[in-house]
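The following exercises concern a protein with a bound ligand. Each task is followed by a solution in steps.

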Amino acid sequence: MKLPTTLPAWQQLQTLAASPTPHLRELLTDSHREHRMGLTAAGIALDASRQRLTPAIQQALLALAEQSDVAAQRDAMFRGDTINTTEDRPVLHVALRGDPLHAGPWGNAVQADVQRELARVCDFAQALNAGAVLGFSGEAITDVVNIGIGGSDLGPRMAIEALAHLAAPAVPGVRVHCVSNPDAWALWSVLRGLDAKRTLLVVSSKTFTTQETLTNAASAQRWLTDHGCPPEALSKHLVAITASPAQAARLGYPSERTFLFWDWVGGRYSVWSALGLPLAIAVGAENFRAFLAGARAMDEHFCTALPAQNLPMQLALTGIWNRNFLEMPTQLIVPYASRLARFTPFVQQMDMESNGKRTHTDGTPTTVDTGPIVWGGLGIDGQHAYFQLIHQGRHTVPVDFIGVLNEDTPLPMAATHHGVVNLNLRAQAQAMACGRSLQDTQAALMKDGMSEADAAAMAPHRTFEGNIPSNLLWLDRLDPMRLGALIALYEHKVFTQAAIWRINAFDQWGVELGKTMAKAMEQRKV
Ligand code: F6P
């Protein structure tokens, strides 16, 4: 196996990292830099001009991708090879958003399963939105409560919020709620506002054994019966989404209301599967299909664009430069569109559960640092909170700024709001990159009327080192296609990094130990 440190490109990058590169302030004086370091795919534009990259570093990173056989590893995933070796499975979430008319490299059997379930999901979402799904009293369902956790919650919940503007108040106007935490309040605060006669429980769990989800599901069922639902009519109010239909059936979920996905879909990669049903209900089947099409556009780009023009690969390679060579252990993700508030926690799971590994695929301990600590939240709010540490603290934190170029919220002053938001995004990225030197700070203070002595005393406090690397990712609008493409972009970034680090991005043994211990303690009644 080609361990990263044995590759000539890795060693070359180490040498490059050991010699100083110009400050971003200087690099950005090149007026062609933004154009040269810009890339666009599937309605998303990347401006990487504020990364601490020189042409020599970029070349070495491309060589690293080549020497790591990233393209061959990518093709193996799309073919359905058993790349998740510790769970002995292929990894085929890409098939879930494949062309509905033509099977991809994964073949006809997978294609047929995927299209069958997708049609069932879309039909059910349409029936529900048409008022044709009835509860025990014969009244139409108006509220859906999705119960799931981790990958069975974060994706649909994030996407429902991101596309909230499309949640058309259809007749009779189905609302989707999400509950993940088994804390009683989390469920109660949703159920207390609902009418049991009109409420549908969607229990989303790949394994259908997750304690938190089953606790919430049992409690919600009890709430239904306590509010008049006869036990024999309970199935009218239940939907299961799972890769373990036998387990769902054992717990009383009817097969005609059980939507399937498969063990080759990782939980954190499952929003594209039947697990997206709550999203399809919230935004409509057509928008759900557009969401899949957006991801497919990014898949096609990932598979066909040359590495130098390949958006996910570029994101991955600069991430590796920052993580492994500039030794920055975290990655900040700050969307500047409030509907994307849950995008950061969603990527946090996708990245950290995938690449938080310390073992190479051959079982030996990793020889390099792997997945970064991913954190953040809405950028505008962050500016008034933790951005101080980014600007002047002792950690260098690389940033992904995510902005939306065109907004059409129907508020009279929407354009003004949008201008403020995007102006701030650009200003923060520029301030982080360029900073302000001691000399410039002192001069600025004196220009504002301070005496030379006072300015000299104050300047160190108001100086900014800068040189903080960032990506600017611009969605031309926030719609189902762009959202699908954005998620797929991060998925393939994570994949590319794992391919270079030689780790398995698709298992999650680290989270299993706690689960096993909880089970053992429950049995011992500790
Ligand atoms: O605990 C983490 C995890 O295993 C995630 O990988 C998964 O998305 C989540 O639990 C939920 O699991 P399930 O869908 O089986 O309920």
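Domain bounds, as used below, come from an automatic or database domain assignment. The model is predicted.

**Exercise 1.** State into which domains the protein chain is divided.

*Solution.* The division gives domain 1 (4–82 + 305–434 + 468–511), domain 2 (93–289) and domain 3 (438–463). Taken over C-alpha atoms, the centres of domain 2 and domain 3 are separated by 59 Å.

**Exercise 2.** Describe the shell of residues around the ligand by number and class.

*Solution.* Begin with the count: the ligand is surrounded by 14 residues. Next, identify the closest, which are G151, S152, S205, T207 and T210. Finally, sort the shell by class: 2 residues are nonpolar, 9 are polar and 3 are charged.

**Exercise 3.** Determine which side chains place polar atoms at short listed distances from oxygen atoms of the ligand.

*Solution.* Polar contacts are counted within 3.5 Å. For S152, a polar side-chain atom is 2.6 Å from a ligand oxygen atom. For T207, the distance from a polar side-chain atom to an oxygen atom of the ligand is 2.6 Å. For K515, an N or O atom of the side chain lies 3.0 Å from a ligand oxygen atom. As for cover, the ligand taken alone exposes 400 Å², of which the protein buries 88%.

**Exercise 4.** Explain why the ligand lies between two domains, and name the pocket that holds it.

*Solution.* First, the ligand sits in the largest pocket. Second, domain 1 and domain 2 both contribute residues to the shell around the ligand; therefore the ligand lies between these domains.

Conventions: Residues numbered from 1 in each chain as written. Predicted model: local features only at pLDDT ≥ 70, side-chain atom pairs only at ≥ 80, totals over all residues. Heavy atoms only, no water. Near = heavy atom within 4 Å. Polar contact = N/O pair within 3.5 Å; in protein donor to acceptor, adjacent residues only side chain to side chain. Areas by Shrake-Rupley, 256 points an atom, 1.4 Å probe, with all protein chains shown as cover. 1 Å grid on protein atoms, 1.4 Å probe; cavity = no way out; pocket = protein on both sides within 12 Å on 5 of 7 lines; lining within 4 Å. Sits in = over half its atoms within 2 Å of the grid points. Nonpolar A, V, L, I, M, F, W, Y, C, P; charged D, E, K, R; others polar.
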